[in-house]
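The following exercises ask the reader to describe a sheet, a helix and a core from a model. Each task is followed by a solution in steps.

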Amino acid sequence: MSGKTGQGVPELLNEIVRQVPAPMGNPDAPARAMIFDSVYDTYRGVITYVRVVDGRLTARDRCLMMSTRASHETLEVGVISPDPIPRDGLSAGEVGYLIPGVKDVRQARVGDTVTSAGHPAELPLSGYRDPRPMVYSGLYPIDGSEYPALREALDKLQLNDAALTYEPETSAALGFGFRCGFLGLLHLEIVRERLEREFDLTLISTAPNVVYRVVMEDGSEMIVTNPSDWPAGKIVEVYEPVVDAMVLLPSDFVGQVMELCQGRRGTLGGMDYLSTDRVELKYRLPLGEIIFDFFDALKSKTRGYASLDYEPAGEQVSDLVKVDILLQGEAVDAFSAIVHKDKAYGYGVAMTSRLRELIPRQQFEVPIQAAVGSRIIARENIRAIRKDVLAKCYGGDITRKRKLLERQKEGKKKMKTIGRVEVPQEAFIAALSTDTSKSGK
């Protein structure tokens with residue numbers, strides 16, 4: 001290093017010390033440290049990266065996670081420089097790592113406060129709260145033997161992604177999987193890509209939906225995250241989440257975008273001209289209307305020039321219904337959906353038409369019906385496979401042919417009474433997977 005450069009280094013460091021404020025923590029207070037990241041080590045368990053705000057953490061003390069109140073033995077404390085270097089402890093203002101001896105990754109979440117179990121702090125550090133999922137989707141392994149691997153992969157992802165929530169779920173069509181909560185569609189796509197690339201899994205993701213609050217006639221409330229959870233009793237009100245959306249677009253496409261937003265049950269909140277050719281539209285939209293294909297439609301109508309941003313804005317009362325898909329008179333929960341009353345017919349027609357193409361023909365006629373409650377709103381039929389029973393009849397009395405046709409008809413009728421519709425796995429994948437119509441982020 002040259003002389004001039006060497007002389008300038010102390011001055012630069014002194015200036016950094018002068019302008020950057022020192023840590024404001026109390027070194028004599030009970031220990032409090034914020035977890036800002038975590039990684040999983042196969043041999044040592046969870047390694048948490050912490051910033052100590054108050055007090056001092058040492059390897060001799062037991063640590064306490066304040067959100068779960070779980071106490072663990074501290075195996076090692078140190079700093080990153082850039083390799084891990086063990087230390088006797090970390091004091092207020094220092095940043096380092098802590099190995100709490102945790103094997104369950106859910107007990108060391110990003111944003112949690114770590115304190116000493118022997119002399120714990122009374123209040124956790126401010127700013128931490130459990131993230132609230134905005135979008136729910138089911139993740140199922142195509143190969144059922146990968147279910148344990150999917151659980152382990154979700155555990156490891158949740159370690160440094162506190163917004164990811166999941167719980168086991170069973171589907172008659174797709175087998176064992178998980179009902180996962182995400183902050184949005186971009187979050188869903190990122191998690192799925194990481195699961196497939198980092199853990200070598202092949203997954204099916206069902207169509208995303210949001211959380212509804214249902215008020216029953218007796219005053220009780222239910223939280224519905226899946227159409228199969230829809231209550232069967234008398235419903236008084238249904239609340240759905242709404243968002244305040246902001247769309248930036250060229251002025252030439254204002255009419256088309258306003259038509260799109262109004263078609264998604266949006267309410268105009270304002271329109272501002274940022275320049276002669278740039279407009280900002282503000283709409284209040286139901287979250288369930290924009291999580292699937294709204295972004296794609298917006299880009300299509302504006303030739304890719306529009307941009308979208310939104311934030312949660314509470315909930316509102318809506319006229320929502322559950323559309324059931326019936327095969328041979330039996331409801332298949334995997335195909336059910338919660339939609340607005342005005343769009344129930346469109347969903348029923350679209351799903352029955354799609355299933356008619358996907359489900360192979362059976363030995364008997366199969367009706368595919370869409371129903372709201374006990375009312376059928378759409379229907380398609382899958383024609384039965386019929387053998388040519390008249391092939392061996394070369395002329396003769398017409399009664400002979402009628403007798404053979406009537407016998408075949410009776411057999412089909414009996415088979416329809418006792419038969420079951422076989423829906424192949426490929427049909428469920430094609431009907432439920434979001435791959436066929438990629439949604440916007």
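**Exercise 1.** State the order of the strands in the open sheet of four strands, and explain which strands stand at its edges.

*Solution.* The order is β12-β13-β11-β14, with antiparallel pairing; strands are DSSP runs of E with at least two residues, helices runs of H or I with at least four, both numbered from the N terminus. Two strands count as paired if DSSP finds at least two bridges between them. Next, β12 (165-171) and β14 (203-205) each have a single partner strand, so one side of each lacks a neighbour in the sheet. Finally, β11 (residues 135-141) is joined to β14 by three bridges, and Tyr140 stands opposite Ile204 in β14.

The model is predicted: local features need pLDDT of at least 70 and side-chain atom pairs pLDDT 80 or more, while totals for chains, interfaces and linings use all residues. Residues are numbered from 1 along each chain as its sequence is written, and side-chain values use heavy atoms, without hydrogens and water.

**Exercise 2.** Determine which residues of α2 are buried, and which residues Leu154 contacts beyond its neighbours within four places in sequence.

*Solution.* Helix α2 comprises residues 147-159. Its buried residues (under 20% relative accessible area, 1.4 Å probe, protein chains only) are Tyr147, Leu150, Ala153, Leu154, Asp155, Leu157, Gln158 and Leu159. Outside those sequence neighbours, Leu154 is in contact with Leu164, Tyr166, Phe178, Cys180 and Leu195, where contact means heavy atoms within 4.5 Å.

Conventions. The expected span of a helix is 1.5 Å times one less than its number of residues. Buried means under 20% relative accessible area, exposed over 50%, partly exposed in between (1.4 Å probe, protein chains only).
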